[in-house]
Amino acid sequence: MIKLLESGAYLINGTELIPDGADAAAQIKNKTGREITKSEAAQNTMAYGILQAHNTSGNMEKLKIKFDKLTSHDITFVGIIQTARASGLKKFPIPYVLTNCHNSLCAVGGTINEDDHMFGLTCAKKYGGVYVPPHQAVIHQYAREMLAGGGRMILGSDSHTRYGALGTMAMGEGGPELVKQLLSQTYDINMPGVVGVYLTGAPVQGVGPQDVALAIIGAVFDNGYVKNKVMEFVGPGVASLSADFRIGIDVMTTETTCLSSIWQTDEQIKEFYDIHGRVEEYKELKPGEAAYYDGMITVDLSEIRPMIAMPFHPSNTYTIDEVNANLKDVLHDVEERAKVSLDDAVPYSLQDKIVNGKFMVDQGIIAGCAGGGFENICAAADILNGSYIGADGFTLSVYPASMPVYMELIKNGCAATILETGAVLKTAFCGPCFGAGDTPANNAFSIRHSTRNFPNREGSKLQNGQISSVALMDARSIAATAANKGVLTPATEFDGEIGKYKYHFDANIYKNRVFDSKGVADESVEIRFGPNIKDWPAMGELPDNLVLRVVSEIHDPVTTTDELIPSGETSSYRSNPLGLAEFALSRKDPEYVGRAKDIQRAEKARMQGEHPCHVHPDVKPVMGVIKKTFADANHENTGFGSTIFAVKPGDGSAREQAASCQKVLGGWANIANEYATKRYRSNLINWGMLPFLIAEGELPFKNLDYLFLPDIKKAVEEKTEVIKAYKVSVEEDKLVAFELRLGELTDEERQIILKGCLINYNRVD
């Protein structure tokens, strides 16, 4: 079904694979009639060509990328614009689209959500942007319909910014990276590796894009095969997939931890652009005569079967047939995994879901950028046609990804088919993907064609004893399960016809409702601020020395951004940095906020010219031990703050708040064995936090210990590779040395850390 090559590979004329090896050069010459070096072949990937066209550094090993367009939603755009405004923003220099698809339910937190929307509308007018009102489209569907273009690059402040199927290399990053683009700065990365995804065959009926995506995720996540690399989809199997099908696979590449994605394009993609009235944006993309890939994933589409990602990660994959055949064993395995994911905080069992030997689920959701596409919903309608979900506890909700999709479903009758079953059709909304919509009952099990199934993504609150869980599935198998009144059922058991529906895009919906400045800024517009929209608090520069208190210690194999800052109802506070910070690690380590604020008192006093020992009793004994070895250390050159340790933090969302909440609570660093994603590490850096690495093994410190980093400012300035650090042992009256590393940092990143954050780096007073 899916195989991973242990070496790199060459792709000849887009159809033939040659694994890298001793005789590869001879085979290539035989096929092409000339000698082609690995270096030359590496430049023949689609990814290389697009990156080269957008690189401003003149050095393809050290890229400085300028994007063509930007996009954000209403969890992120307020903080981004507030940061850019503090740095002197006068006009959006490139097209910037503000969608409202995360906080579109204006019911939680009073006027907060709609206040943010009005902030976005007035900023789009003032700075020359595009504003998409609530319920019109989810961020990524609007980008597919209105922004994507062949050979283009788009940067979005959402991790699922992926438009590779349309020939657009798109990346999801934290808000500060968009701020840099708004200030005409660059996105700085080393040239990423490129991994080919070679598709053959065609999917059987009942298999959808989520099935293919989950199969790939299950094969590559744990081993890091594509981490921070570009996935390039090639091969004869691409032609067997419709544009919608490709889009559905592509959006889920985020869950592999890859950097971005790109696909070869053809007449089906040209037709997509034509349908959307933008055929001029189409560009044929294909690899060169001989293209070299740093790795190769081969996928026989005909062998893929309906998949399910069991709680609590998209990589925890099985075929649905496997689950049904080994029900008790699989559910027991999930329960054992849950003890780690949930810290054994609440009782969790799935055994009661077995009824008469069948797995009964409680809820189905087809939604968002992954599930809400036209073909997914039409296929679900065909499978549901003539069936009823029943009058028991099972529910089914369907969210078309945009109003144009919704309208076409009404016109072609699929909406009526779905509604007749007892399901509910709702407007474009990302809530089911992050715990802000369709929260199931306690101990319920939800199957969703959405993007993630981390703990709490469905709205659980462990601190209140509430737990439910999500499995990811394709819309087709969700429909088959719904037609079977909640009995887990693969869509391959459906023996009826799944039709092919022609899509007609009605652009008038957007013309009549979306505000588009056409890039014209109006300085006279006054920005509308709600009472919850707050400026970022003042942040100091990196001091000469640092005293850090470890205030949280997390030993899970992976820590998600949802655990660092919970999603769900907390999103109402995204525009209030201090208000949101109160929720940091609240579901993973409820003591974190209090501990971080406690040591922050010392730094606040220091910044105000007071002696920190006057406000914090630990300062004097800790500094007493330090001064015995470092006599020059004092409260004027030594800062105080907090750090967390996590084995592998940052999987998941691009949301910058996972880092900024730590920063506004006085965080100066993270210490990790590795970082799960580039975007989380970038967020740390852009918020002036030191992204320390420590070798795997027994830690030289524990939670609540104090650490001392002498001459840390000098170390950052001088690009010191190994950072000497010390655990401060007051009881033993000594310092215990250990080593940290910062990893590779660009000169600009070092300056951001030295200044204390990106805002300080760019601030215009």
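**Helix packing and strand pairing in a predicted model**

Helix α4 (residues 77–86) packs against helix α7 (residues 175–182) at an angle of about 45°, and their axes lie 9 Å apart. Because of this angle, α4 is oblique to α7 (angles under 35 degrees count as roughly parallel, over 145 as roughly antiparallel, 65 to 115 as roughly perpendicular and the rest as oblique). The contact, meaning heavy atoms within 4.5 Å, is made by Ile 80, Thr 83 and Ala 84 of α4 together with Gly 175, Leu 178, Val 179 and Leu 182 of α7. By class, five of these residues are nonpolar, two are polar and none is charged (Ala, Val, Leu, Ile, Met, Phe, Trp, Tyr, Cys and Pro count as nonpolar, Asp, Glu, Lys and Arg as charged, and the others, Gly among them, as polar).

The model is predicted: local features need pLDDT of at least 70, side-chain atom pairs count only at pLDDT 80 or more, and totals for chains, interfaces and linings use all residues. Residues are numbered from 1 along each chain as its sequence is written, and side-chain values use heavy atoms, with hydrogens and water left out. Helices (H or I, at least four residues) and strands (E, at least two) are DSSP runs, numbered from the N terminus. Axes are lines fitted to C-alpha atoms, for helices over the stretch in contact, and angles run from 0 to 180 degrees between N-to-C directions.

An open sheet of five strands follows the order β1-β15-β11-β12-β13, with mixed pairing (two strands pair if DSSP finds at least two bridges between them). β1 (2–4) and β13 (260–263) stand at the edges with a single partner strand each, so one side of each has no neighbour in the sheet. On average, neighbouring strands of this sheet are turned by 20° against each other, direction ignored. Strand β12 (residues 230–234) runs parallel to β13 and is joined to β13 by four bridges; Val 230 stands opposite Ser 260 in β13.

Two helices that pack on this sheet can now be placed. Helix α3 (residues 46–54) touches β11 (194–200), β12 and β13, and its direction makes about 130° with that of β12. Helix α8 (residues 209–220) touches β1, β11, β12 and β15 (295–300), and its direction makes about 35° with that of β1.

α8 also meets helix α9 (residues 243–250): their axes come within 8 Å and cross at roughly 35°. Pro 209, Val 212 and Ala 213 of α8 make the contact with Phe 245, Gly 248 and Ile 249 of α9. This contact has five nonpolar residues, one polar and no charged.
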